[in-house]
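These are my working notes, kept in the order in which I looked things up. I took salt bridges first, then the open and closed spaces, then the chain contacts.

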Amino acid sequence: MTAIRFEDVSKHYPGSPRPAVDLCSFAVEAGNLVVLLGPSGCGKTTLLKMTNRLVEPSAGAVYLDDTDVRQIDVTSLRRQTGYVIQQVGLFPHLTVAQNIAVVPELLGWPRPRIAARVDELLEMVHLVPGEYRHRYPAQLSGGQQQRVGLARALAGEPRVLLMDEPFGAIDAITRASLQDELLSIQRKLHKTILFVTHDVDEALRLADKIVVMEAGRVVQYDTPFAVLTRPANDFVRDLVGADDTLRQLSLLRVEDAMTGLPTGYACRDEPAIAPEADLRSALALLLRTRAPVLAVVEDGRPVGILTLEYIRCATRGSGKPAKSRSAG
Amino acid sequence: MSYILDNPGLVFALALQHLTTTGLALLVAIILALPIGILIAPRRRLATLIMGALGLLYTIPSIALIILLIPIFGLNATSVIVALVIYAQIILVRNVVAGLQAIDPAVMDAARGMGMNGWQIWWRIQLPLALPVILAGVRIAVVVAIGIATIGAKFSAGGLGKLLFEGIAQAGRYDKIWAGAIAVGALALALNSGLAALERAFAVKT
Amino acid sequence: MLGQAFAYAVAHLHELIAATGQHLLLATVALGIGIVLCVPLGVWTSRSPVAAAMVINAVNALRVVPSLAILFLALPYFGLTFTSSAIALTILALPPILINTDAALRTVNPAVREAAFGMGMTQWQVLWRVEAPLALSVVISGVRTAAVEVMASATLAAFIGGGGLGIFVTRGFALYDTTILLVGAVPVALLTLVTELGLSLLQRAVRVPV
């Protein structure tokens, strides 16, 4: 089911020679995390802000669950879309709990439900409610502030979540752990998320699908695997570093390259690797153990196998080796 | 306005008197404020304490402060000048302290590390960096002093305030009120813009 | 001399109380009108660069003109009355309140405002629930400056028939009696100090944690 749809959306700012957004069309499936990726000034943030009407398109339309967003009252639209920005924008005069409670209050939830929701969300973003509920934003680190920002955006049970470079101002280590948490939250909630970033690694790591943008246009809309292995043009190739094989390997997941267990195949003592591990570690494991085959193991159960040949094919973007395709 | 045109000499003399009173008070205040500011700026606790006390003193209305000084200095221009020095003093000390405290400690460390002595650090680093803020203090102090000196006319300190008080006392002499108001307003605005220009000239280039 | 002043004050207690009441009334009226006019005006100038350039510059120039001149200029137009003083004092109250309201709203972090709009707050809700609490402390600081200014200048209002504690000052000058001058000066000094301290406490109470 389509959750968000952009139809020939353009945005011209007066006095600017070229449109900030130029005839963009794509659809986001419900429950997907779609990343808008591109260099600064490519129009990705403008596009995002059209979803909650912080920016109105000059032409074209944005649909939320098949309703033109212009048909929805702007405040009610924004209350059903969570919004997270790079500068976080927590309200400095309100405590953590009060910040998270803002949208539920605007929506008129009863008090006990709001209190329960606040605690539930604090736990979800790994901030112990008893410890953080009554703190003020100024008493939190940058990473903690963005956790609260995420909790606040989710508080009103929004239909979609819009995230504008949410981890851009956070140090690399904290950023990685926030990315992990976003993924684990997403596995639980299955929200529809639009996520803007200029960080290729972040995009490949988080996205179900990536919208690559250049100068206001969508140049490729595809899975991370396809963007990396079959870039639509030289711009995308340079942007994602598709020519750097080692980098590619570190960004591709085992599950993208492996093949299912061939019928009758019994695992013996092959080295095991997890499906979400990257191909770079898989290759390292192959080289180190000198084993010809790796067993892909999920929850203690073998789900597939991986050989050097599959890794080679993955980097070439040609999918699976010919024989596995015929076998499957 | 016509009063000024009819009596240019008188208005000019009063303006000069106004400036002399203000200038004298400012001079004394600057001579006092610089050492006090330099002394307390590095001692943050002391500075906060003294600035708090001076802030309260600053709150007292000028006419009340002048009157409170009468038992000591008498009902004459001296009480007015002392009051002017006190108010200007507060503004100047505040800005000297603010200007000095705003200097990046790393700059001071670097200066010390290069082997400058205290005097050299003051002349070559602290004064140039703090100067714009100190000059802003001088400008505000001048504007405030011009205003208080106007009231001082009632305490026989002379100046343009005389025109205002005479205009009130002599029924119907609104021309004197206007003349005094225009002259003193123009004086304050002119000094304010002149000193603001000076401030910009000495601003640290960034 | 202070002892004599105290004796005079006790002897004229009713008059002193009435004058204090009128002093406070004058100041409150001027401050009240100043707030009602300048807070909305400050909201407007903070959102409009053109309005800000015009109004703030005008008000800054107004601030430089000595208060005595502004006060006495009310006389030719409104006569020797309470109204005359109230209007002049209101003009003196305008600049600090306007400038602080404008500055306070300008310093609200744009990200906070964007987040508020992004969460679906209306213009009014953003102003009332986000900007107002964040700006309040600085606005009150402007009101404090204005209050002290008005409280002080209300003493001069007696010269243009506004009454208040300044009547003892005018009488002191008329009779050339320092004792009576002090009866005006000491309560005025105390009133401004109390105003300053009270509003400082209020300002501190509404300050946003940092």
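Which residue's side chain meets that of A:E255 in a salt bridge? I looked this up in what is a predicted model, and the partner is A:R253, with an N to O distance of 3.8 Å. I noted the cut-off beside it, since a salt bridge here asks for a side-chain nitrogen within 4 Å of a carboxyl oxygen. For burial I found A:E255 at 37% relative accessibility, hence partly exposed, and A:R253 at 26%, which also counts as partly exposed.

**Entry: other salt bridges**

Over all chains I have 28 salt bridges on record, and I went through two further pairs and one network. In chain A, A:E7 forms a salt bridge with A:R5, where the closest N and O atoms are 2.9 Å apart. A:E7 is partly exposed with a relative accessible area of 32%, and A:R5, at 22%, falls into the partly exposed class too.

In chain B I looked at B:K176 and B:E166, whose side chains meet in a salt bridge at 2.8 Å, N to O. This pair links distant parts of the chain, as B:K176 sits in helix 9 (residues 174-202) of chain B and B:E166 in helix 8 (residues 161-169) of chain B, 10 residues apart. Is B:K176 buried or exposed? At 8% relative accessibility I have to count B:K176 as buried, because the class takes everything under 20%. Its partner B:E166 has a relative accessible area of 25% and is therefore partly exposed.

I also wrote down one network, in which salt bridges that share partners join A:R113, A:R117, A:E120 and A:E157.

**Entry: pockets**

What volume does the largest pocket have? I read about 1,700 Å³, with 49 lining residues, of which B:Y58, B:R94, C:T145, C:V148 and C:E149 are the closest to the centre. By class, I noted 29 nonpolar, 12 polar and 8 charged residues in the lining of the largest pocket.

The second largest pocket comes to about 820 Å³. Its lining holds 31 residues, and nearest the centre I found A:L183, A:L204, A:R205, A:L206 and A:R253. A:R253 is thus a residue I had already met, as the salt-bridge partner of A:E255. The elements that give two or more residues to this lining are helix 8 (172-189), helix 9 (200-206), helix 10 (224-229), helix 12 (245-251) and helix 13 (254-257) of chain A. Helix 8 of chain A supplies the largest share, 8 residues. When I sorted the lining of the second largest pocket by class, I got 12 nonpolar, 6 polar and 13 charged residues.

**Entry: cavities**

How many cavities of 30 Å³ or more are there? The count I have is 3, and the largest cavity holds about 60 Å³ of space. Among the residues lining the largest cavity I noted A:R78, A:R79, A:Y83 and A:R152 from chain A, together with C:G118 and C:M119 from chain C. Helix 2 (74-79), strand 6 (81-85) and helix 7 (142-154) of chain A each give two or more residues to this lining, and strand 6 of chain A gives the most, with 3 residues. The lining of the largest cavity divides into 5 nonpolar, 4 polar and 3 charged residues.

**Entry: chain contacts**

Which chains share the most contacts? Of the 2 pairs of chains in contact, I found that chains B and C do, with 30 residues of chain B in contact with 32 residues of chain C. The area buried between chain B and chain C is about 2,900 Å², and carbon and sulfur atoms give 89% of it. I searched this interface for salt bridges as well, and the count for chain B with chain C is 0. Chain A and chain B are joined by no contact, and their closest C-alpha atoms lie 23 Å apart.

**Entry: one loop residue**

Last, I looked up A:P17, which is found in the loop between strand 1 (2-11) and strand 2 (21-29) of chain A. At 85% relative accessibility A:P17 counts as exposed. I noted, too, that the C-alpha atoms of A:P17 and A:V218 are separated by 19 Å, the two residues being 201 residues apart along the chain.

How values were computed. Residues are numbered from 1 along each chain as its sequence is written. Chains are lettered from A and ligands numbered from 1 in the order in which they are written. This is a predicted model: local features need pLDDT of at least 70, side-chain atom pairs count only at pLDDT 80 or more; totals for chains, interfaces and linings use all residues. Side-chain values use heavy atoms; hydrogens and water are left out. On a 1 Å grid over the protein atoms alone, a cavity is a set of points where a 1.4 Å probe fits but cannot get out, and a pocket is an open set with protein on both sides within 12 Å along at least five of seven lines; lining residues have an atom within 4 Å of a point. Grid points are joined across faces, edges and corners, and a volume is the space filled by probe spheres set on the points. Ala, Val, Leu, Ile, Met, Phe, Trp, Tyr, Cys and Pro count as nonpolar, Asp, Glu, Lys and Arg as charged, and the others, Gly among them, as polar. Helices (H or I, at least four residues) and strands (E, at least two) are DSSP runs, numbered from the N terminus. Buried means under 20% relative accessible area, exposed over 50%, partly exposed in between (1.4 Å probe, protein chains only). Contact means heavy atoms within 4.5 Å. Buried area is the accessible area (1.4 Å probe) that two parts lose on being put together, summed over both.
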